[in-house]
Amino acid sequence: MTAQGRFITLEGGEGAGKSTQIRRLAEALRGRGHTVVETREPGGAPAAERIRTLLVEGGTESWDGMTEALLHFAARREHLLATVWPALESGSWVICDRFADSTLAYQGFGHGVDRALLDALQAAVLGDFRPDLTLILDLPVEEGLKRARSRGGLEDRYERMGIEFHQRLRAGFLEIARAEPERCIVVDAAQPVDKVTGAILAAVRDRLTDS
Ligand code: TMP
């Protein structure tokens, strides 16, 4: 029987550099002989990508926070069933750009959706399933927004939410990391990009001894 793979998630606010780091981490793990699946949320499976289109490319209308949370969990369910769980089952390592912590941070801490509701959705959709390791890429809000703007990746919606929204988001991610230190590691994403990669590779080596 093939050994179960590992599930690693990267989280953080806008402009934290997750995509570059995911590429580098995947390359390093492949170099160590692992089969690696790179995926993302919202999305990562055909049905989930259709929900992503509604959520992130749906123009500038603002969604109700609870509606957003429901759509993210609907997309997550499809992503788990179609992509993540089968890959882990076959022994692949899965690296995911955002996961359930983003819903807690954006919809919960950011938009004020009730924590009990988010916990109930999480319990229904994930059961006991959790990432083996979550890397939270942390950097000052102004710096993240500057980076996201400079590469044209900041949507109007997030631009308009104002600095306070992004501050709540950052505080939310740090709070999640404090609450679950055995799963989460905070990485200083304000460092030069190679240093960030070094910190991530060290964290993966420390925490996932079979990496
Ligand atoms: P991305 O820009 O990292 O691809 O993510 C798309 C946007 O969706 C990003 O601004 C964060 C947001 N998002 C949520 O609000 N809740 C979630 O649960 C997830 C996964 C993403």
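Visitor: What makes the pair formed by a nitrogen atom of the ligand and the side chain of Gln107 a polar contact?

Guide: The two atoms, the ligand nitrogen and an N or O atom in the side chain of Gln107, are 2.9 Å apart. A polar contact is a pair of N or O atoms within 3.5 Å (within protein, one must be able to donate a hydrogen and the other to accept it, and residues adjacent in sequence count only if both atoms are side-chain atoms), so this pair qualifies. The model is predicted: local features need pLDDT of at least 70 and side-chain atom pairs pLDDT 80 or more, while totals for chains, interfaces and linings use all residues. Numbering starts from 1 along each chain as its sequence is written, and side-chain values use heavy atoms, without hydrogens and water.

Visitor: Which distances place Arg52 and His72 in polar contact with the ligand?

Guide: A polar side-chain atom of Arg52 lies 2.9 Å from a ligand oxygen, and one of His72 lies 3.1 Å from a ligand nitrogen. The protein covers 91% of the 480 Å² of accessible area that the ligand has on its own (Shrake-Rupley method, 1.4 Å probe; for residues, only the protein chains shown count as cover).

Visitor: How do you know which helix supplies the largest share of the shell around the ligand?

Guide: Helices are DSSP runs of H or I with at least four residues, and strands are runs of E with at least two, numbered from the N terminus. H2 (46-56), H3 and H4 (100-110) each supply at least two shell residues, and H4 gives the largest share, with 4.

Visitor: Why is Leu71 called buried?

Guide: Its relative accessible area is 17%. Buried means under 20%, exposed over 50%, and partly exposed in between (1.4 Å probe, protein chains only), so Leu71 is buried. Leu71 belongs to H3 (residues 65-89) and touches Ile51, Leu55 and Trp63, leaving aside residues up to four places away in sequence; contact means heavy atoms within 4.5 Å.

Visitor: What makes S1 and S4 a strand pair?

Guide: Two strands pair if DSSP finds at least two bridges between them. S1 (residues 7-12) and S4 (residues 133-138) have 5 bridges in the parallel sense, and therefore they meet the criterion. Ile8 stands opposite Leu133 in S4.

Visitor: Why are S2 and S5 called edge strands?

Guide: The open sheet of 5 strands has the order S2-S3-S1-S4-S5, with parallel pairing. S2 (36-40) and S5 (184-188) each pair on one side only.
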